[in-house]
Amino acid sequence: MTSVSSSEHAPLPAAGYTALYYESPFPATADAPRVMLIMYNFPPDPSVGGLRWQEMARHFAQQGWALDIVTRDFRGVAGLDRARLERLPQGCRVFSVPSREPILGRAQHIMWPMLRRLLRERRSTPGLDSLTPQQISQQRGRGHARRAYLAWVEFSRDGNWARDAARLAAIIMRAGNYTAVISSGPPHMAHEAGRLAAQRTGVPHVLDMRDPWSQNQFLPEAIASPLWINLARKFESRAVAGAALVTMNTEAACKSLRRAYPECADKIEVVRNGCDDEPLPPPRRDGCFRIRFAGSIYMDRDPRIAFRAAHTVITEFALTPEQFQIEFTGAANMYAGRPTTLLAEEEGIKDYVRVGGLLPRKQVMEYLAGATMLLSLPQGSDFAVPAKIYEYLRFHAWMLVMCSPESATAQLLVGSEADVMDPSDTDGITRVIRERYEQFASGIQPEPIGRDGRFDRATQARKLIALIGRCCGANAVASAN
């Protein structure tokens, strides 16, 4: 890694701070079109949110482009996965910017006992980890005030980071020739950083919205306030209005945003996520039927649906824990404020459920390679496709995907061999697990569902490059090819 002092780039708030975190040892060619990417989660951050652009960067480089990335400060971040930097292409530089807590947020740590008495904060009600916009509009009382306060803190903190990121990005861009500023979120205040950087440099702005922002169908209970929605709409509307291009990663989300901003509909496009080509560990089988989940259990991702169906199959075949397991890794130890293992105990399968913690990406891939069936739990948003779906598609495993038939996930998997089931259909989910277990017991081994290549990310990267070239001028397309 190559580092320079922050004073060579921008006066940033943290003493001793190093802005240039990583620089590829192989520089881009002098005439390569360069893009400035602003996003909060990027390698070596272990968050799955950084995966889209970790891999997009490689495809851009293959087409002759170079990327600079402005991202979060990694000091104090747990579980950094530095191996992911090895996937970054030539000409790639990563700059990091620290977060600044708003003054009231800093005071909160000192005054929290008093604030708790003022706001009478209570633990979230079990089963109320998230709220819909309709539920949010009906909230009243002291809980409403608490959520409004926490929503304000979130936007203030993220706004501080966005302004600092925009300032650094603009300083870097003045030293080179940039074709576009791309912002990617969530966290969506990266789009405010992109808007400001584009405004200061005159470079076109591209919004890459991996999930909906103001159109979000569910919000975590802690910040589920009309204030959050109003602030999201405020920042989103001016970012969309000023952008040269807006990309959404599902058709459903794209249509929703076009309806919200009909005057901008012609510049809102779909660029999906996709399967990557990183080498995979070989399939690992030990005679146990392993249903595995990798990721976070939050809001409406209720594991009890899978537990109930599994209980029926376990009982029917008199299976032991050595023959059948449901396993979780990631932020998966709690649902609705209760331990996942306790929920398994209540469903009668405690000995059949194991819960692990966060793992580096290499170990996550090894974990998934050992699955017989990969599990995707339900989510309330019909607009988003969980990133894990594209990872699951590459492994030698059956896929059990719980989602509504109208969801973007269900639409994506139409015509595939994935078992896509409505979360309310417990009998159907039980039938799928039973049939796949019988196949496994008879010696049948699953094949990757995405083996035909139609879900590959490379196709989506080429589409995005073409769209950026179109909105930034023909010269950018010519130089990229």
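Guide: Before we look around, one yardstick: buried means under 20% relative accessible area, exposed means over 50%, and partly exposed is what falls in between, with a 1.4 Å probe and protein chains only. This is a predicted model, where local features need pLDDT of at least 70, side-chain atom pairs count only at pLDDT 80 or more, and totals for chains, interfaces and linings use all residues. Residues are numbered from 1 along each chain as its sequence is written, and side-chain values use heavy atoms, with hydrogens and water left out.

Visitor: What makes F317 buried, exposed or partly exposed?

Guide: Its relative accessibility is 29%. That value sits between the 20% and 50% cut-offs, so F317 counts as partly exposed.

Visitor: And how do you know whether Y437 is buried or exposed?

Guide: Y437 comes out at 10%. Buried needs under 20%, so Y437 counts as buried.

Visitor: Why are F289 and F440 called an edge-to-face pair?

Guide: Rings of Phe, Tyr and Trp (its six-membered ring) pair if their centres lie within 6.5 Å; planes under 30 degrees apart are stacked, over 60 edge-to-face, and the rest tilted. The structure holds 13 aromatic pairs. In this one the ring centres of F289 and F440 are 5.5 Å apart and the planes stand at 75 degrees, so edge-to-face it is. F289 belongs to strand β11 (residues 289-294) and F440 to helix α13 (residues 426-441), so the pair ties together parts 151 residues apart in sequence. F289 is buried at 0%, and F440 is buried at 12%.

Visitor: What makes the pair of F317 and Y437 tilted?

Guide: Centre to centre they are 5.3 Å apart, with 50 degrees between the planes. An angle of 50 degrees is neither under 30 nor over 60, so tilted is what remains. F317 lies in helix α8 (residues 304-317) and Y437 in helix α13, so this pair joins parts 120 residues apart in sequence. Ring pairs also link F289, F317, F324, Y437 and F440 into a cluster.

Visitor: Why is α1 called roughly perpendicular to α14?

Guide: Angles under 35 degrees count as roughly parallel, over 145 as roughly antiparallel, 65 to 115 as roughly perpendicular, and the rest as oblique. The axes of α1 (residues 51-62) and α14 (residues 457-472) come within 10 Å and cross at roughly 70 degrees. That makes the two helices roughly perpendicular. Among the residues making the contact (heavy atoms within 4.5 Å) are W53, M56 and F60 of α1 and A461, L464 and I468 of α14.

Visitor: How do you know that α5 is mostly covered?

Guide: Of its 12 residues, 9 are buried. They are A190, H191, E192, A193, G194, R195, L196, A197 and A198. Helix α5 (residues 190-201) reaches 17 Å from its first C-alpha to its last, close to the 16 Å expected at 1.5 Å a residue. Just after α5, G202 takes a positive phi of about 75 degrees.

Visitor: What makes E269 count as buried or exposed?

Guide: E269 has 17% relative accessibility, so it counts as buried. E269 sits in strand β10 (residues 268-270). Leaving aside neighbours within four places in sequence, its contacts include R258, L467 and R470.

Visitor: How much of the whole chain counts as buried?

Guide: Of the 481 residues, 56% count as buried. The secondary structure comes to 15 helices and 18 strands, taken as DSSP runs (H or I, at least four residues, for helices; E, at least two, for strands) numbered from the N terminus.

How values were computed. Axes are lines fitted to C-alpha atoms, for helices over the stretch in contact, and angles run from 0 to 180 degrees between N-to-C directions. The expected span of a helix is 1.5 Å times one less than its number of residues.
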